[in-house]
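Work through the exercises below with the model open beside you. Try each task before reading its solution.

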Amino acid sequence: MLTALVIVTALVVDLGIVRHARRSNQSVADLSALAAGQALGADPAPDGRAGCVDALGYLKSNLTGAPSGLTVPCNSLPASCSLATSPVTINDGGTGGDWAVEITFPVSDAMILDSSVAAGDSLRLDDGIPCERLRVTVERTTDSLFAGIMGRSTFNVSADAVVRQVQASDRRVPSLWLLDPYGC
């Protein structure tokens, strides 16, 4: 019985580590996406490249344990955007150490589809068009304490956030609330 109790305790500890990493990663993704928001609200058109630079700047300043050489080729994103522009996803190419970073611009409707919200639902009306949105995905390799006994010494924990920034209006609704309604 003591063996079973130790095994359950070990699983609970490892699951707690993964849950904490997930919550931490979500905060990093949310705030780096928000850092990109101002560039997306630029006149005359959203600037995905500048948004990428801003998001990357936030990540470099705030990721614990990320190497200083973390880079993402923001110039690979589209220079201009229209309804016909296909989404482009760029990543750090392994320069992030334990961290992996992806940035997507523009973000298609399918990428933010939430099965719990119907397509024509009023919750989706403020999502805007793909060229107004940028997505940041972060993934971190986290060491486990006890799963190594079962042959698994690390977990990959990821989170993403999509931001849409528009010029100020009378309705000031948080960007992340609009585009990530799940779990609010």
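The exercises that follow concern a predicted model, and go from the overall fold to single residues.

**Exercise 1. Find how many helices and strands the chain has, and in what order they come.**

Step 1. Count the elements: the chain has three helices and four strands.

Step 2. Follow the chain from the N terminus; the elements run α-α-β-β-β-β-α.

Step 3. Look at how the chain is packed. Of its 184 residues, 34% are buried. Taking contacts between residues at least 6 apart in sequence, 60% join residues at least 24 apart. The exposed area of the chain is about 10600 Å², and carbon and sulfur atoms supply 56% of it.

**Exercise 2. Describe the sheet: which order do the strands take, and which are the edge strands?**

Step 1. The four strands form an open sheet in the order 1-2-3-4, with antiparallel pairing.

Step 2. Strand 1 (88–91) and strand 4 each pair on one side only, so by that criterion they are the edge strands.

Step 3. On average, neighbouring strands of the sheet are turned by 15° against each other, direction ignored.

Step 4. Now count bridges. Strand 1 and strand 2 are joined by four bridges, whereas six bridges join strand 2 to strand 3.

Step 5. Trace individual pairs. T89 has T104 in strand 2 as its bridge partner, and N91 stands opposite E102 in strand 2. E102 in turn has the bridge partner T137 in strand 3.

**Exercise 3. State which strands helix 1 and helix 2 lie across.**

Step 1. Helix 1 lies across strand 2, strand 3 and strand 4, and runs at about 30° to strand 4.

Step 2. Helix 2 lies across strand 1, strand 2 and strand 3; its angle to strand 3 is about 30°.

Step 3. Ask whether strand 2 is enclosed or open. Five of the seven residues of strand 2 are buried, so this strand is largely enclosed by the rest of the structure.

**Exercise 4. Locate the largest nonpolar core and find which element gives the most to it.**

Step 1. Nonpolar side chains tend to be buried together in soluble globular proteins.

Step 2. Here the largest nonpolar core has 24 residues, and those with the most contacts inside it are C52, L59, V72, V101, I103, L134 and V138.

Step 3. At least two core residues come from each of helix 1 (2–40), helix 2 (48–62), strand 2 (99–105), strand 3 (133–143) and strand 4 (154–164). Helix 1 gives the most, with five residues.

Step 4. Take L134 as an example. The residues that L134 touches include A36, L40, C52, I103, F105 and V162.

**Exercise 5. Decide whether R135 is buried or exposed, and name a residue whose side chain makes a polar contact with the side chain of R135.**

Step 1. R135 is in strand 3.

Step 2. The relative accessible area of R135 is 17%. Buried means under 20%, so R135 is buried.

Step 3. The side chains of R135 and D160 are joined by a polar contact of 3.1 Å.

Step 4. Other residues that R135 touches include E102, I103, M111 and A161.

**Exercise 6. Which form does the peptide bond from F105 to P106 take, cis or trans?**

Step 1. Most peptide bonds are trans.

Step 2. The bond from F105 to P106 is cis, with omega near -15°.

Step 3. P106 is in the loop between strand 2 and strand 3.

Note on methods:
Residues are numbered from 1 along each chain as its sequence is written. This is a predicted model: local features need pLDDT of at least 70, side-chain atom pairs count only at pLDDT 80 or more; totals for chains, interfaces and linings use all residues. Side-chain values use heavy atoms; hydrogens and water are left out. A nonpolar core is a set of buried Ala, Val, Leu, Ile, Met, Phe, Trp, Tyr and Cys residues joined through side-chain atoms within 4.5 Å. Buried means under 20% relative accessible area, exposed over 50%, partly exposed in between (1.4 Å probe, protein chains only). Contact means heavy atoms within 4.5 Å. Two strands pair if DSSP finds at least two bridges between them. Axes are lines fitted to C-alpha atoms, for helices over the stretch in contact, and angles run from 0 to 180 degrees between N-to-C directions. Accessible areas come from the Shrake-Rupley method with a 1.4 Å probe; for residues, only the protein chains shown count as cover. A polar contact is a pair of N or O atoms within 3.5 Å; within protein, one must be able to donate a hydrogen and the other to accept it, and residues adjacent in sequence count only if both atoms are side-chain atoms. Lists of a residue's contacts leave out its neighbours within four places in sequence.
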